[in-house]
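Here is a short set of exercises to work through with a model open in your viewer. Try each task before you read its solution.

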Amino acid sequence: MGALAEAYKHSLLDKQPIPLDYGSVRTLPESHIWLDQSDESPYVAHSTGPISPPVIDLMDPDAPRLIIQACETWGVFQLIGHGIPTKLMEDVESEAEKLFALPVDQKLKALRSPGGGAGYGLPHISPFFNKHMWHEGFTIMGSPIYHTRQLWPQAYQGFCETMVDYQNQLKALTEQLIRIIFKSLNINSEEVDWLKDSQGSSTALQLNSYPACPDPTRAMGLAPHTDTSLITILQSKTSGLQVFKEGAGWILVQPIPGALIVNVGDFLHILSNGVFTTVRHRVVVTQIQRFSAAHFYAPQGDVIVSPVMSKDFGEVPRYRSVSVKGYVETKGKHFEKALSLIKK
């Protein structure tokens, strides 16, 4: 039995959908049509006008103030002057393109196990929707060697070296941003044990492919959600990401060349007592394939996240203290209701 047939067999047994063989699809299957999702339909009008997330230069002396302002008003911003080498960013996209160009039988050798985090498969949020997304992904948690060897038994080293270097540099950048943000929250970074400990955080790198779509106005690349992270950093050189802005609706983010998109996750929202916006976002597709890479950063599972009390962030907690693991489990069961379930 071939890898594709074997995967479909297990998919039926485990109720674990797998990505389509997108290259062979000529018309949009009923399972991927989102027209009946009303306001979540990807072609609902959205703004591409003057309203857009701020662009911040990390080298600007005023960057800390601008970052805090962006976290409060948008929950997302584009970051330049971040120090991640252009060549490394190009290599990441090139390696992702090579991975997703593999024959479907080959990609399915690295299929995520049911309930597993790493490997090839559909978006992790798929079980919460009754329609499928026009997306395939490859998730790296820790070393990418195991799953990459399934894809390239003899030629996996280049991919692994690029992804490990990228993860290390994004982790360092994320922690630099966290220290800037924590200062505004009057949290002494030197007293945060998990931030000082090199093993104190949990990270994941998600490579995304949004294949060319035969009917993009009726498909969804990634359905609306917020991130179960402290901070997420996205690399995307083409537009497709939309963020929801209260009073303005869905805003298409036009990537600045060389910039990274930084967004506030649920844990930073809780920590700031709801002052920093955990941004709801989604991805639309086009008739041209596009790629992106998202780096998710959160404290380890046993860390307790509690709202910070201050004059600026409120003297009454809006959320209960929660362990990272406990919140992840709540989100895994209740999805977008998770934050409301821990409200005081």
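Is serine 272 buried or exposed? Keep in mind as you work that this is a predicted model.

**Exercise 1. Place serine 272 and describe its surroundings.**

Solution.
- Step 1: Serine 272 has a relative accessibility of 0%. Buried means under 20%, so serine 272 counts as buried.
- Step 2: Follow the chain to the loop that runs between H8 and strand S11 (281-283), where serine 272 sits.
- Step 3: From there, the serine 272 side chain reaches the backbone nitrogen of phenylalanine 276 at 2.9 Å.
- Step 4: Setting aside neighbours within four places in sequence, the contacts of serine 272 are Leu185 and Phe313.

**Exercise 2. Find the nonpolar cores and look at phenylalanine 138.**

Solution.
- Step 1: A general point helps here: in soluble globular proteins, nonpolar side chains tend to be buried together.
- Step 2: In this model the largest nonpolar core has 73 residues, and Phe138, Tyr166, Leu207 and Phe276 are those with the most contacts inside it.
- Step 3: Helix H6 (residues 157-184) gives this core its largest share, 11 residues.
- Step 4: There is also a second, separate core of 28 residues, with Val25, Ile261, Val283 and Val285 among them.
- Step 5: Now select phenylalanine 138 and leave aside neighbours within four places in sequence; its contacts include Leu99, Phe100, Tyr120, Leu151, Phe159 and Leu207.

**Exercise 3. Which side chains make polar contacts with the side chain of threonine 139?**

Solution.
- Step 1: Locate threonine 139 in strand S4 (residues 136-140). Its relative accessible area is 5%, so threonine 139 is buried.
- Step 2: The side chain of arginine 112 is joined to that of threonine 139 by a polar contact of 3.1 Å.
- Step 3: Another polar contact, of 3.3 Å, links the side chains of threonine 139 and histidine 124.
- Step 4: Beyond four places in sequence, threonine 139 is in contact with Arg112, Gly117, Ala118, Gly119, His124, Leu205 and Gln206.
- Step 5: Turn to glycine 119 from that list, which belongs to strand S3 (residues 119-121). Glycine 119 is buried, with a relative accessible area of 0%.
- Step 6: The contacts of glycine 119, again without neighbours within four places, are Ala110, Arg112, Gly137, Phe138, Thr139 and His147.

**Exercise 4. What lies 2.7 Å from a polar atom of the histidine 82 side chain?**

Solution.
- Step 1: Go to the loop between strand S2 (76-80) and H3, which holds histidine 82.
- Step 2: With a relative accessible area of 11%, histidine 82 is buried.
- Step 3: The atom at 2.7 Å is the backbone oxygen of glycine 258.
- Step 4: Not counting residues up to four places away in sequence, histidine 82 touches Leu58, Met89, Leu173, Gly258, Ala259 and Leu260.

**Exercise 5. Set two residues with positive phi side by side.**

Solution.
- Step 1: Asparagine 186 has phi near 60 degrees, a positive value in a residue other than glycine. Phenylalanine 335 has phi near 50 degrees, also positive.
- Step 2: Asparagine 186 is in the loop between H6 and helix H7 (193-196), and phenylalanine 335 is in the loop between H9 and H10.
- Step 3: Asparagine 186 is exposed, at 64% relative accessible area, whereas phenylalanine 335 is buried, at 10%.

**Exercise 6. Describe the empty spaces.**

Solution.
- Step 1: The idea behind the search is that rolling a probe the size of a water molecule over the atoms shows where empty space is left.
- Step 2: Searching the whole structure gives one cavity of 30 Å³ or more. The largest cavity has a volume of about 50 Å³.
- Step 3: Its lining consists of Val92, Glu93, Ala96, Gln235, Ser236, Phe291, Ser292 and Ala293. Helix H3 (86-100) and strand S12 (290-299) are the elements that give two or more residues to this lining.
- Step 4: By class, the cavity lining has four nonpolar, three polar and one charged.
- Step 5: The second largest pocket has a volume of about 370 Å³. Its lining has 20 residues, and Glu246, Thr277, Thr278, Val279 and Arg280 lie nearest its centre.
- Step 6: The lining of the second largest pocket divides into eight nonpolar, five polar and seven charged residues.

Methods: Residues numbered from 1 in each chain as written. Predicted model: local features only at pLDDT ≥ 70, side-chain atom pairs only at ≥ 80, totals over all residues. Heavy atoms only, no water. 1 Å grid on protein atoms, 1.4 Å probe; cavity = no way out; pocket = protein on both sides within 12 Å on 5 of 7 lines; lining within 4 Å. Points joined across faces, edges and corners; volume = space filled by probe spheres on them. Nonpolar A, V, L, I, M, F, W, Y, C, P; charged D, E, K, R; others polar. Helix = DSSP H or I, 4+ residues; strand = E, 2+ residues; numbered from the N terminus. Buried < 20%, exposed > 50% of the residue type's maximum accessible area, 1.4 Å probe, protein only. Contact = heavy atoms within 4.5 Å. Polar contact = N/O pair within 3.5 Å; in protein donor to acceptor, adjacent residues only side chain to side chain. Core = buried A, V, L, I, M, F, W, Y, C linked by side-chain atoms within 4.5 Å.
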